[in-house]
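This report describes the packing, the charged pairs and one sheet of a single protein chain. Please consult the sequence and the structure shown below while reading.

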Amino acid sequence: MELDKLKFSIVLTIFCAMTVLCAVAYDPLDPNGSINIKWDILSWTPDGYVAVVLMNNFQMYRQIMSPGWTLGWTWAKKEVIWSMVGAQATDQGDCSNFKGNIPHCCKRNPTVVDLLPGVPKKQQYSDCCKGGVLASWGQEPTAAVSSFQLSVGLSGTSNTTVALPQNFFLLGPGPGYTCSAATIVSPSVFFSSDGQRKTQAMMTWTVTCSYSQMLVSKNPSCCVSLSSFYNSKITPCPSCSCGCQNNENTSCVMSNSRISRVEEASTSMLECTSHMCPIQVHWHVKANYKEYWRVKITVTNFNYRKNFTRWTLVAQHPNFNNVTRVYSFLYKSFMLFNTINDTAMFYGNKKKNDMLLEAGRNGNVQSEILLGKDMSRYTLEHGWVFPSRIYFDGDECMMPPPDLYPFLPNSAPFSPAASSTPAIFLILILLALRCSLF
């Protein structure tokens, strides 16, 4: 028995290490998720060009919340931005060499942000002016797009003399994204409003920005607790899931304390808990019927300083291929690799529960889910009724260890050490092959 535990510990360590390496550039629940930036040169000018920059958030469940995206790059030459529509550079830089017509930005490494809603119409461009907020593609595709126009000077004036910008970076709104180098692609094609005329860009290049949770923080930002109707025990979030109370970088207040003004709290003022996570997701197996079973999901916000707008919750469970009804949330099924239907995204109804309020009495959202049974697989044993993964707002949550899951009375809890070592090694091999493809 001790030997089995030792083998399992070694294999688990290797598995975690490989997961870390793979997770930097790959999300198993959203393998094609990324933010794609397309740069179309529409026309040439005497000293440069006019271009449109289009950002598409192709991530199925990860959005960019307020204060919004920030996009930056480094010019290859001594380019300047003469003007912008639909966005603005945050710093004009040193334009003292120019007289008369002063550029919008003279910095060699400009940083650009979206405009706020309500700006004058002459400053607007299509899909702009949302304060940098980008919805996830799976939740609201029409709101997952942002664009702006810029006029660039002191650059090349043809396909052969233009030099591509370098060192692209994206904040959304904080760190986490890594951007590729710009790559020249086939020029974009545009159609007139009546569909009878086709034009194309003079030149087009693209940049792909991928997200890694590990670049944001070494700790998760959410955790999962579990309970069931057949066991009075509640499995809490693992202790110190997102940090510990005695950590000098973490501040918290007791739940019965009063914060007279929101401004008195720091940016990350959390309610003191054993897990110290801003978000807790509770999965409760509520009932077991002849042909169905019912789950209740509750998401609780422990952050006194932050509301979560357009939040998303993603869960993975083998019975999500037979969701019968979702009562209070909206629901969308994900078909991974076009074959596996075990992943679902849940999000709120607009003007009802699409905003998860700050910590307090109203700082939670909840819904029940009714699932049809596949009697060839359904079981209350070995923790089958609990999810294998949960994400909140695009970040994976800390799950309790399987041996602490609520188990049926008169039965032993599930022990991962009892699983066959060859099966675990097979999983490691498959994971290594998957990583090698990306």
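A residue counts as buried under 20% relative accessible area, as exposed over 50%, and as partly exposed in between. The model discussed here is predicted. Lysine 107 has a relative accessibility of 25% and is therefore classed as partly exposed.

**Charged pairs**

Nine salt bridges are present in the structure. In one of these, the side chain of lysine 107 meets that of aspartate 91, with 4.0 Å from N to O. Both residues lie in the loop between strand S5 (87–89) and strand S6 (111–114), so the salt bridge ties together parts that are 16 residues apart in sequence. Aspartate 91, with a relative accessible area of 39%, is likewise partly exposed.

A salt bridge also joins the side chains of arginine 310 and glutamate 140, at 3.4 Å from N to O. This pair links distant parts of the chain, 170 residues apart: arginine 310 is in the loop between strand S20 (308–309) and S21, and glutamate 140 is in the loop between S6 and strand S7 (145–153). Glutamate 140 has a relative accessible area of 19% and is therefore buried. Glu140 and Arg310 belong, together with Lys350, to a network of salt bridges.

In the salt bridge between arginine 294 and glutamate 368, the closest N and O atoms are 2.8 Å apart. Here too distant parts of the chain are linked, since arginine 294 is in strand S19 and glutamate 368 in strand S26, 74 residues apart. Arginine 294 and glutamate 368 are both buried.

The three pairs are listed here.

| Basic residue | Acidic residue | N to O distance |
|---|---|---|
| Lysine 107 | Aspartate 91 | 4.0 Å |
| Arginine 310 | Glutamate 140 | 3.4 Å |
| Arginine 294 | Glutamate 368 | 2.8 Å |

**The six-stranded sheet**

Strands S19 and S26 also belong to an open sheet of six strands, ordered S15-S14-S18-S19-S26-S22, in which the pairing is mixed. Strand S15 (231–235) and S22 are the edge strands, each pairing on one side only. From one strand to the next, the twist averages 20°. Within the sheet, S18 and S19 are antiparallel and pair over nine bridges. Isoleucine 279 stands opposite asparagine 301 of S19.

**Nonpolar cores**

The largest nonpolar core has 38 residues, of which Trp283, Val299, Leu313, Val385 and Phe392 touch the most other members. Several strands each supply at least two residues of this core, among them strand S14 (222–228), strand S18 (279–288), strand S19 (292–301), strand S22 (323–326) and strand S26 (364–372). A second, separate core comprises 35 residues, including Trp69, Trp73, Cys105 and Trp205.

Which residues surround valine 385, apart from its neighbours within four places in sequence? Valine 385 is in contact with Tyr230, Trp283, Val285, Trp293, His317, Tyr378, Thr379 and Leu380.

**Serine 34**

Serine 34 is found in the loop between helix H1 (2–23) and strand S1 (35–45). Is this residue buried or exposed? Serine 34 is buried, because its relative accessible area of 9% falls under the 20% limit. Beyond its neighbours within four places in sequence, the contacts of serine 34 are Asn56, Asn57, Phe58, Gln59, Thr208, Cys209 and Ser210.

Methods: Residues are numbered from 1 along each chain as its sequence is written. This is a predicted model: local features need pLDDT of at least 70, side-chain atom pairs count only at pLDDT 80 or more; totals for chains, interfaces and linings use all residues. Side-chain values use heavy atoms; hydrogens and water are left out. A nonpolar core is a set of buried Ala, Val, Leu, Ile, Met, Phe, Trp, Tyr and Cys residues joined through side-chain atoms within 4.5 Å. Buried means under 20% relative accessible area, exposed over 50%, partly exposed in between (1.4 Å probe, protein chains only). Helices (H or I, at least four residues) and strands (E, at least two) are DSSP runs, numbered from the N terminus. Contact means heavy atoms within 4.5 Å. Two strands pair if DSSP finds at least two bridges between them. Axes are lines fitted to C-alpha atoms, for helices over the stretch in contact, and angles run from 0 to 180 degrees between N-to-C directions.
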